[in-house]
Structure formats: structure tokens, C-alpha cells
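Let's take a look at the surface and the pockets of this protein. Have the sequence and the 3D view ready as you read.

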Amino acid sequence: MQRREPFKFMLQMAIFGSGLMFLGLLLTYLGIERPNAGFGKLILPPIFWVSTLLMLISSLTLHLANLNFKEDNFFNYRIYTCITLVLGLLFVVMQLVGWQQLLSLNVNNNLRTARGFVYILSGLHILHLLVGLFFLIKIFLEAIKRIPYIDSFVYSVNPPNQLKINLIVFYWHFVDLLWIMLFLFLLWQN
């Protein structure tokens, strides 16, 4: 029987818990909306579409960073990790701008409840993303400290470092997929 990596297992359990939390919120939203037939349709500002595209691209750039790390192409690894960081930060900024745009809408009481759920869902997602950004910053700074090829190579063949990067990539893809599902849910409700 193969030994299970404890850190990966803990991350999987945390992801499962987060998934349950978001599922509970979505079911609560549906429970509030269904009894109130006139709940209203809230149109998401276009910036949410752009931020979703950035989230998808960031998942791709982190995947490319991971591939370059495994192929010992450390220069590209640093570049793609940096791009992922910038895209993640831009996503957060765009979400906050989207909140401002939602706040500026003059909506009735029913739509205020729908808007509140958008704040809750995207706000909790931003918190999850900030955790990912923290660890991305950490591995990016570690990569910057190891500019010489030999230092980068020694770092890359160390199994704990490989595990750390794999866990960050796994988590980032989860956060990306989570946002896509939340975004699609919000679109479906409109």
C-alpha cells in the first residue's frame, strides 16, 4: 500500500471543507430565492467577466511555471510564477471594482439580497485566493533568491520543495475551478 502524503491529504480535506462551505452558501441562496418568486435578477458588471478570464489565464501560467520547474527551466519558472502573481492580484482588484459597481446600482430590496450574496461569495473566494497568493509570493521570493542555475537546481531536486510547489499548484487550480463554478452559478441565477 502506498503511503499517503500527509500535507497533500490535509490540503485535500481543507479543499473538501471549503467546497462544502460554498455548497452550503449556494443552497442557502437558492432557499431564499425560491420562496420569494420576485427575488429579482441581478446583472453582474462586465468586470466580473474580465476577472474570470484573468483567473483562467493565471491557472494556465501557473501550470506552465510548474512544467518549467520540472524541466529545470528556472528562468521561465520565475517569469510564469510572477505573471500568475500579477494576474491573481489583478483578479482581486477587479473583484473589488466589481463590488463598487454593484454598490453603485440603485436596486430594490429583493436585488439587495442577491447583491449581498455576490459580496459573500466573491469575498470568501478572495480570501481563498489571498491564501494562494501568500504561498505564491513565498515560492516566488525563494526562486528569486536562487538565480544561479546550480542553486535553482539543488532547490528543485529537493523533495519537500517539489511537494510545496505541487501543493500550491493544486490549491491554485482548486481556487480557479471554484471561481468558475461560482461565476457560472451567478450567471445561471440571472
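## Leu-27 and its patch

Is Leu-27 buried or exposed? In this predicted model, Leu-27 has a relative accessible area of 52%, and since exposed means over 50%, Leu-27 counts as exposed. You'll find Leu-27 in helix α1, which covers residues 6-33.

Leu-27 also has company: together with Phe-9, Met-13, Phe-16, Leu-20 and Leu-23, Leu-27 forms a nonpolar patch on the surface. The accessible area of this patch adds up to about 580 Å².

## The largest pocket

Now for the pockets. The largest one holds about 390 Å³ of space. It's lined by 14 residues, and those closest to its centre are Leu-11, Phe-135, Lys-164, Leu-167 and Ile-168. Three elements each give two or more residues to this lining: α1, α4 (109-145) and α6 (159-189).

Which element gives the most to the lining of the largest pocket? That's α6, with six residues. As for the kinds of residues in this lining, ten are nonpolar, one is polar and three are charged.

## The second largest pocket

The second largest pocket has a volume of about 170 Å³. Its lining includes Gly-19, Phe-22, Leu-23 and Leu-26, along with Phe-174, Leu-177 and Met-181. So you meet Leu-23 again here, after seeing Leu-23 in the surface patch.

Here, the elements giving two or more residues to the lining are α1 and α6, and α6 gives the most, with six residues. By class, this lining has nine nonpolar residues, one polar and no charged ones.

Notes
Residues numbered from 1 in each chain as written. Predicted model: local features only at pLDDT ≥ 70, side-chain atom pairs only at ≥ 80, totals over all residues. Heavy atoms only, no water. Patch = residues over 30% accessible without salt bridge, like charges linked within 9 Å, V, L, I, M, F, W, Y side chains within 5 Å. Areas by Shrake-Rupley, 256 points an atom, 1.4 Å probe, with all protein chains shown as cover. Salt bridge = Lys/Arg side-chain N within 4 Å of Asp/Glu carboxyl O. Helix = DSSP H or I, 4+ residues; strand = E, 2+ residues; numbered from the N terminus. Buried < 20%, exposed > 50% of the residue type's maximum accessible area, 1.4 Å probe, protein only. 1 Å grid on protein atoms, 1.4 Å probe; cavity = no way out; pocket = protein on both sides within 12 Å on 5 of 7 lines; lining within 4 Å. Points joined across faces, edges and corners; volume = space filled by probe spheres on them. Nonpolar A, V, L, I, M, F, W, Y, C, P; charged D, E, K, R; others polar.
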